[in-house]
Every structure is written in structure tokens, then in C-alpha cells.
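Here is a short briefing on one interface and one pocket. Look over the sequence and the structure first.

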Amino acid sequence: MTGTVAARLSAQPFFAALTDSQRGELAEDGTAVTFTAGERLFDEGGVADMFWLIEEGGIALDMRVPGRGDQIVETLGPGTVLGWSWLHRPYRWHFGAVARLATTTLAFDAASVRRRCDADPAFGYAMLRAFTPVITERLQTTRIRLLDLYAAPSQVRHADIGPVNA
Amino acid sequence: MQPSDDPAREPSDQAVIVDAEELPALFDALRGRGYTVVGPTVRDGAIVVAELASAAELPFGWGVETEAGRYRLRERSDTAAFGHSAGPQSWKSVLHPARARLWSADRVTGTMEAGEAAEPPRYALLGVRPCDVRAVGILDQVLTGGQHTDPVYRGRRDGAFIIAVECTEPGATCFCTSMGCGPGVESGFDLAMTELTDAGNHRFVVRAGTAAGADVLADIPSRAADEATVRHAVTAVDEAAERMGRTMPVQGLPQLLADSRESPHWDDVASRCLTCGNCTMVCPTCFCTTTEDVTDLTGDHAERWRLWDSCFALDFSYLHGGSVRTSGQSRYRQWITHKLGTWHDQFGSSGCVGCGRCIAWCPTGIDITQEVSALASLQDAATADEDEDRP
Amino acid sequence: MTSRRTAAPALTEPAAETAAVPRFYRVASRREDTADTVTLELTEPAQAVPAFAPGQFAMLTAFGVGEVPISVSGLGDSAGGRARRLEHTLRAVGAVTRALHAAPPGSLIGVRGPFGTSWDVASAAGRDIVIVAGGIGLAPLRPVVLTALADRSRYGRIVLLVGARTPGDLLYIDELERWRRDGVEVVITVDRADSGWSGEVGVVTTLIEPAGLAPDNSVAFVCGPDVMMRFTADALAARGIPVNRIRVSLERNMRCGVGWCGHCQLGPLLVCRDGPVVGYDRAAALMRVREL
């Protein structure tokens, strides 16, 4: 992918609600980064000093589970953002991230973005307004996955009501 | 509407008078044609629907006291045989029986038999009130009016002979007038009778509705109906329409129920409703059934039986390890919304005939007409609030 | 006691054909799709199997056990307009489905049907077909793919978004690959991955946006658990597909399949007669009412 960070940022709907000048400021903290398939972006527990806007490809979020190895908890695709642990202390990753496919991204210096948010509350608020819907949506879909809707009745633990007739 | 304005109620030159003593002749005429007569009789402290061996088994001189949650026999001061209402059974006991075999199969011999275990008799239904005549018509639509015909119902309905008895004495829980199906009856019968007992003269004004009815009537001793008597019968029925125990506000009822799905009123009903299902058992139009497959010990002979079911049963809506409708609120809402509302969407008419049985036989006295009034009041209040909120 | 299984004759035709009485067909083949799901092929050489449209269902009888509604998942070869085989994919969740699930080739299974409304794939002619399947919901949707592929030039894109519980719960894996080669855009996600899975992980609705659908020219077919269908249909509608071009396949308890038993009601709808395939314009409000 070619073009300046600023231009590529404007092409992504994710930060569309930011003003042009806010986007310009954000672009100053961004660089274009690509990953090959299988390349690890960060480990669980690592310092959350970046966040990425995925342009093409796919990222898998994983967690190291003893006895199960690296378990993928969610995959993210183009147009969405990877990483929000940089928003608040202790600025540590709760999951790991690895490129599932060859992936192009815009990577942002989290510490610098945080300094901008502190210095300019309007900018900070606009950033939060962009990030919170993502967080809400991922929470919602995770809750739905917890419902285990595709499970067979015997796989779901609940109070048994009525005879099993079907 | 004055009685004389209604052309259908004009004295007919087909109407005859049959004295009560000639009822045995009616039985003879029916049984001589191979019918099994089914009608009201006193049993177990109620007037039930049963096979009658003779006219003597009719409940002469028996009436009922009915109210919400109350049904008592009482002795009448006359000898009327049909002076009662809201009995615990309806004609669906005969036409849509509580247990019926659908088929039987043997996988060793490779044989399959469809239909009931024994061919049902041809029934003559004696004493079908106008509300129940309408109920039979409603069951006709549900069970034979769609793409597929219920063979059990068809097998019993096709041969049935219906003797309607108009109402001159509505019960306290009755509201057939509101539902537009009583207390007189215009169609859906082979014979229609109006019972008169004034001046100790127990007789029936009878008219035929079909050729089969006229054929039976011709075999019974009768005399030509004089205009005064016919007028008397017509007036008695018309006056009964003014004395209904209850009314049902039918205007906009399906929409009211559809709009009331989230009404707080269901909690109120649920605090009173035991979900016992009595209402569905006594209701002449409730038709829900379930099936049960049974085998012998070898497993090679299987039968499927169909049984009455009720939407109040907890597993009625069972799906994927649990029921859709588990709360009492949802099951009562389902019953009343179906009966008065969505029945229109599914079958093109109301499912209620105003017979009042559900009111009498509810152990906690829930009154379907009052529940509708409550929903309507809440709806009016909600609309008034909305109007107030508007600038 | 002699073994009766091998020599059992076919059950004779009932005297009067009514919708109440099953015809017994033989299991021609039984394929295990997942740990708890099988696909049965039913046939009877002596008689033609009735023609089922995609989306319709049969009431299947396990001899002596009971009867359940199961959507048709394959229509077999057609010859002279009548199908030769019926395919049903089912999951063992109760007494009847456990018996059907275990039915060996050669055994008898009763069939009543076809009943219900169809997906009406033909109405999508000239448009993109968008299929979203959740779990075993892929089974009733399989005939949509097969019908569209049989007449490929009639339709635009065929997009198939599949959500499954785990990779081990995916149905028709070989066919999904074949369909991909035949031009169906197949995208799969699982709720929970295992260590061997390198594909997408997440709910099936996350596949909608990246698919780049043309809402003005799409017809959507959605099947899966109630909640999944609601969220998916809402997500498709949010993308601009008109609700009357989004179809869901509803499911309710059925004892008769033909509108007599009263069990399958969802408000004004009798799911056996007005469904199971219903437009989301009709179904949306009903699906949102608690315990309807």
C-alpha cells in the first residue's frame, strides 16, 4: 500500500469522526508497517506501547494456555483497530497477536498519542469516541459466544424443564 | 332490530311443533337411521355430553347456576331438558376426541393401517347451542379448511347429524351475542329446536335446516306451527339476547391484543392463573393436540395416538432443551391472544363463541371479558399519556 | 427369537393417503458429519420420493419412538421432476433424534411432507445470494447453495458465511471446499478455535462487513439459532439490505406439521404453514417479544 500515513488514515472509516486537524496530529504518530503471515506482533504481558489500524490481511489474538498451547481467542480483519490496552494502566497486553495472513497496517506510537490526549482533551475525547464502540462491540460478540448458541442442549448446563421429546 | 324486521326469523311454513312426549320418537327416528345419539345428561354433579340410550336420560327439569369459578346444578321449576349452559364438555369430545389412533404399523408383516382403531359411529348431536354450532363451524375451518384435512375429525364430522337448540335463558357467564353467534341460530344444523315450557305445555318449535333434517322430522309426530307459538319462540330468543350475563368488547380486539404483548397486565393475570388448563379443556374451539408413539415389547408393532394437549402445559412449546413459554404470564397471554386475536390471522375468524365455559370452570374465576376490559383500559391510559406528552 | 432386521419387507401403502400418516422409506446411506450429527439419505426404489423445495421440512418418524420436524438438507438427483433421494442432516438431542441418528442403512424411517414454505431461491434471480449459516443452520441452507449452483448463470455472487461452534462442528467440509472451487465465496469462522485452526475466530456477524455486499442487489438467507438469526438479520439490515429481502428459517415445537396441533405458533404465524421460511419484515417484531 502506498501513500502518506495521513492519506491512508483518511481512507479508513475508523477515524472518520475526527476532524482533519485531529487526524493530521494522529498521523504524525503513525508509520506504515507490514507483517508476513505468521509474524508475531506482540506477546501477552508485553508492554502496550503501540496500536495498529489494520488495512489489509488478518490478525489473530491468542493466549498461552498451559496444556492447550496458543489458543486463538479472536481474529481481526481489515478496517478495525488492534490494541486498546495502551489506553489505561498498566499498559500491558492481555493477549498476544500474530499475523494470520500477510498484513499491512498503520502503527501508532501509543505513548505519544496518550500525551496528545492529555494535552488536548478534545482530541482525547475524539479518540475515546472512536475506540469505545469497538470495545463495546467486541464485548457484545464475546458475550454471545459465551451463550454457546450452537451447542446441543446436552452440552449446555441449565435447569432441565420438561421432557426431552425431540 | 325488531323481531319482525328480520326476514330470517319470520315464521316459516316449515316450522312444526313437537311435544316433549314425542322426543322418544326423535330418538327412534335417529337410531333407526343408524345414528348414535349424543346429548346432555346429568352425571357427577354436572350436565355432561354423553351417549344417550333414550330420551329419558335427558336432564329434564335440571338447570345450572353459573358464575366465574362456579357451576352448580339446580332443580328447575319446569321440565325443560335444555335449560342449562356452560357445561364442562362440548361437542369436541365427540368430533375431536381426546384420544384417537392415527395409524398402526407392523414392520415384520409390513402392514400399515391408517385411521382410528375402530370406525366411529355416526353421531347425532342433540342439544347443540348456537354458540356450539358456531364452535363446530370454527373447528371445521381449523381442521378441514386448510391445505390438509384432519382425517379423524373428517371421519366423525362428515356423518354427524346436528340438532341445535336455541337459547331462551342465557347463563351468567354467557356472551354469545357479543361474539355474533347466538342466542338464535340460522345455519349449520340439520334440525333447530326452540324449547317452550310456558303454561306447563312442554313443547318444541322445530325447523329443518337440511334435507336430512326434514327427512328425520317427517318421522316424528308433530303438528303445524301456529303463528302465535312461532312468534312466542322467536320473541323468547330475541329477549334472551338482551339478558346475556356478560359482554365482550370485540371492536379492534385483535389489534388490542397485538399491541398488548408487553402489557403489565399479564403479571396481574399470572398472579391469579394456575395454568391448570381447565379453560382449554372446556372450550369448544380449543383444538391443540399432541402425539404419542407406542410399541409392543418386541418393538415391531407401533402405533401413533393423538391426544388433547393444552398451551398451558409447560412442555407445549418445548424446543432445544427448554420451553419457549415457561412463565405463567406468557402462557396465559398465548391462550387469550390466540383465542381472540391471532385466530383471525390463522383461520379468518375469532376463536371465541361466547359460551362462557372458561369463566365458569376457571378455579380462580378468571373472566376473559374482564381481562379484555383491563387490557383496553390500560391501552386507553397509555394512549392518553402519549397524547399528554405531545407538545 | 429370529433376527428380524435383515428380512423386513417394505410397509405397504396406507389405504387412504392423508397428511397424518407417514410413508416409510429406507435409509440408503448414513454419513457421520460431526460427533453428534449425521446425514441420512432416504429412498424407496418402488416409489418416487416427493419433491421437496429448499427450506421445506419433513416430519420424520423413528419407528415406535416418535416424530420430529427436520428440514431437508439435500434433494438428491432429480429425474422427471421427482427427487430420487431425500437427505436430512440431524443432530442427536433427544429420544427421537437419537433413534434417527442411529438408524442403520436399510432401516425404515417414516416421512410425512413436504411441509412449509420454501427459501424461494428463484426469486433471487439477477441478484447476489448472501447465505449466513450458524451451526446446524447450514443444513437447511445447503439446498440453497445446490439450487443456485445448478443454475449458476441466473444469479450474481453467491456468498456463504458460515459460523460454527468449533472446527470439529463444521458440516460438509469437503463440500465447502468444492463450492469454493465452483465459485461460491465461502468464509468460515468458529466461536472457539482448537490448536489446529488457522482460520477466523469470532461470531459470524463479523464476516458481513468484510464481504463487501451490495445491499441494493442482495437477497439474504439466514438460518441458525434464534438469537443468531436476529443479530445476523439486524446486521444485514443495518448494511442496507431491505428486510423483505432477508429470510430466516424459524423453528418451533411441532406435533403435526400441518396446522392442526397448535404447537408451532409464533404470534399470528403457524410456523409449519406460514414458515419455516419467513421474511424478516414479518419475523423481526415477533422474534423480539419475550416468550412469544
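Helices (H or I, at least four residues) and strands (E, at least two) are DSSP runs, numbered from the N terminus. This is a predicted model: local features need pLDDT of at least 70, side-chain atom pairs count only at pLDDT 80 or more, and totals for chains, interfaces and linings use all residues. Residues are numbered from 1 along each chain as its sequence is written, chains are lettered from A and ligands numbered from 1 in the order in which they are written, and side-chain values use heavy atoms, with hydrogens and water left out.

**Interface of chain C and chain A**
- Contact (heavy atoms within 4.5 Å) involves 30 residues of chain C and 21 residues of chain A.
- The two chains bury about 2,300 Å² between them, 55% of it on carbon and sulfur atoms; buried area is the accessible area (1.4 Å probe) lost on being put together, summed over both parts.
- Arg165(C), Asp191(C) and Val201(C) supply 25% of the area that chain C buries against chain A, more than any other three residues.

**Salt bridges**
- A salt bridge puts a side-chain nitrogen of Lys or Arg within 4 Å of a carboxyl oxygen of Asp or Glu.
- The rule finds 2 salt bridges across this interface.
- Arg165(C) pairs with Asp148(A) in a salt bridge, with the closest N and O atoms 2.6 Å apart.

**Lining of the second largest pocket**
- A pocket is an open set of points on a 1 Å grid over the protein atoms alone, where a 1.4 Å probe fits, with protein on both sides within 12 Å along at least five of seven lines; lining residues have an atom within 4 Å of a point.
- α4(A) gives the largest share of this lining, 9 residues.
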